[in-house]
Amino acid sequence: MTTTSAVSPASDVSAEAAETTGRRTVFLLAHTGRPAAIRSAELVVQGLMRSGIGVRVLEAEAVDLPLPASVETVAEATPEVLDGCELLIVLGGDGTLLRGAEFSRASGVPMLGVNLGRVGFLAEAERDDLDKVVDRVVTRAYEVEERMTIDVVVRRNGDVVHRDWALNEAAVQKVSPERMLEVVLEIDGRPVTGFGCDGIVCATPTGSTAYAFSAGGPVVWPEVEALLMVPISAHALFAKPLVTSPTSILAVEVQPHTPHGVLWCDGRRTVELPQGARVEVRRGAVPVRLARLHHASFTDRLVAKFALPVSGWRGSPH
């Protein structure tokens with residue numbers, strides 16, 4: 001789901017902090033292992049500070065960045081480090097953007113992603129747009145939209161053994177390359193089908209262009225409210241991707257006789273699934289807030305990111 005609103009600054013809490021202190025602050029998160037990120041971070045910091053906007057970074061990243069002494073550093077990577085910040089700017093590829101999403105969700109501060117990787121569907125700008133990014137932040141010329149997340153619960157023998165969340169997907173996968181994972185799929189308390197497979201991806205519309213896409217799932221426009229369930233290499237006649245209501249509860253039961261599996265959330269957080277484990281997925285209670293600079297349609301974004309061939313298109317008649 002996508003809910004968009006014009007923001008000026010991007011959260012009520014941050015607005016109050018800015019009015020109290022008289023100073024605006026932006027948090028910068030970068031993949032300092034990339035030379036491009038280091039140079040990009042330097043340019044963004046210089047541009048913001050020239051306009052009187054304070055910048056805060058993690059100490060561990062500040063060591064690798066050529067930053068002015070006036071840049072504020074914080075030691076621990078906790079949601080509280082974004083207190084008083086109106087925006088989180090993330091420089092990097094998809095992994096760094098998902099890391100930023102963790103901060104954004106926990107703090108409520110909107111994330112503005114600059115793609116330094118390959119596809120970068122979560123990013124709002126590319127490396128060549130840094131001047132525009134700085135200008136839009138300085139003038140507060142951006143909007144904030146909320147992206148649906150999923151909450152994930154792992155049960156064993158009825159007891160909750162793990163809780164997690166994801167912006168893109170929760171993936172139940174096999175561990176042994178030589179053995180399939182035997183699962184039964186359930187939607188809204190009713191069994192749908194069972195089979196052996198490499199795994200199951202439970203995704204949001206945002207995640208439909210990530211792992212679910214690679215597994216053969218449909219592309220779902222961000223404003224559509226839905227949940228996806230996509231099998232990975234299923235050994236079955238009926239193993240089609242499923243699209244359900246956003247209020248549905250999806251469940252994947254790992255059969256007791258099958259080897260144990262593993263749960264990955266956004267490809268970043270993982271937990272082992274014992275035999276007989278049950279993974280439940282439902283709409284998340286807390287969204288991720290994304291700052292948007294453009295009003296381009298998702299269709300145009302899809303074409304640009306995947307370099308889709310559209311030559312010969314003449315447009316609809318007027």
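Start by selecting strand 9 (residues 150-156) together with strand 10: in this predicted model, the two pair in the antiparallel sense over 7 bridges. To find one of those pairings, pick valine 154 and look across to strand 10, where its bridge partner is histidine 162.

Now widen the selection to the whole sheet. It is an open sheet of 6 strands with antiparallel pairing, and the strand order is 10-9-20-17-12-13. Strand 10 (159-166) and strand 13 (190-197) are the edge strands, each pairing on one side only. Turn the view to follow the twist, which averages 20° from one strand to the next.

Next, go to strand 3 and color residues 54-58. Is this strand buried or exposed? Here 5 of the 5 residues are buried, so strand 3 is largely enclosed by the rest of the structure. Show the residues and check which way they point: Gly54, Arg56 and Leu58 go one way, while Val55 and Val57 go the other, and all are buried. This fits a general pattern: in a regular strand the side chains alternate between the two faces of the sheet.

Keep strand 3 on screen and add its partners. Strand 2 pairs with strand 3 in the parallel sense over 3 bridges, and phenylalanine 27 stands opposite arginine 56 of strand 3. Strand 4 (residues 72-74) also pairs with strand 3 in the parallel sense, over 3 bridges; look for threonine 73 in strand 4, the bridge partner of valine 57. Then bring in helix 2 (residues 35-50), and you can trace a right-handed β-α-β unit made of strand 2, helix 2 and strand 3.

From there, step to arginine 24, in the loop between helix 1 (12-21) and strand 2 (25-30). Why does arginine 24 count as buried? Its relative accessible area is 14%, and the buried class takes in values under 20%. Zoom in on its side chain, which reaches the backbone oxygen of valine 137 at 2.7 Å. For the wider surroundings, select the residues that arginine 24 contacts, leaving aside neighbours within four places in sequence: Gly52, Ile53, Gly54, Glu86, Val137, Val138 and Arg140.

For the last stop, select aspartate 135 in helix 5 (residues 130-138). Aspartate 135 counts as partly exposed, at 44% relative accessibility. Finally, draw a distance from its C-alpha atom to that of glycine 196: the two residues lie 61 apart along the chain, and their C-alpha atoms are separated by 52 Å.

Terms used: Residues are numbered from 1 along each chain as its sequence is written. This is a predicted model: local features need pLDDT of at least 70, side-chain atom pairs count only at pLDDT 80 or more; totals for chains, interfaces and linings use all residues. Side-chain values use heavy atoms; hydrogens and water are left out. Helices (H or I, at least four residues) and strands (E, at least two) are DSSP runs, numbered from the N terminus. Buried means under 20% relative accessible area, exposed over 50%, partly exposed in between (1.4 Å probe, protein chains only). A polar contact is a pair of N or O atoms within 3.5 Å; within protein, one must be able to donate a hydrogen and the other to accept it, and residues adjacent in sequence count only if both atoms are side-chain atoms. Contact means heavy atoms within 4.5 Å. Two strands pair if DSSP finds at least two bridges between them. A crossover is right-handed if, with the strands pointing away from the viewer, the path from the first strand over the helix to the second runs clockwise. Axes are lines fitted to C-alpha atoms, for helices over the stretch in contact, and angles run from 0 to 180 degrees between N-to-C directions.
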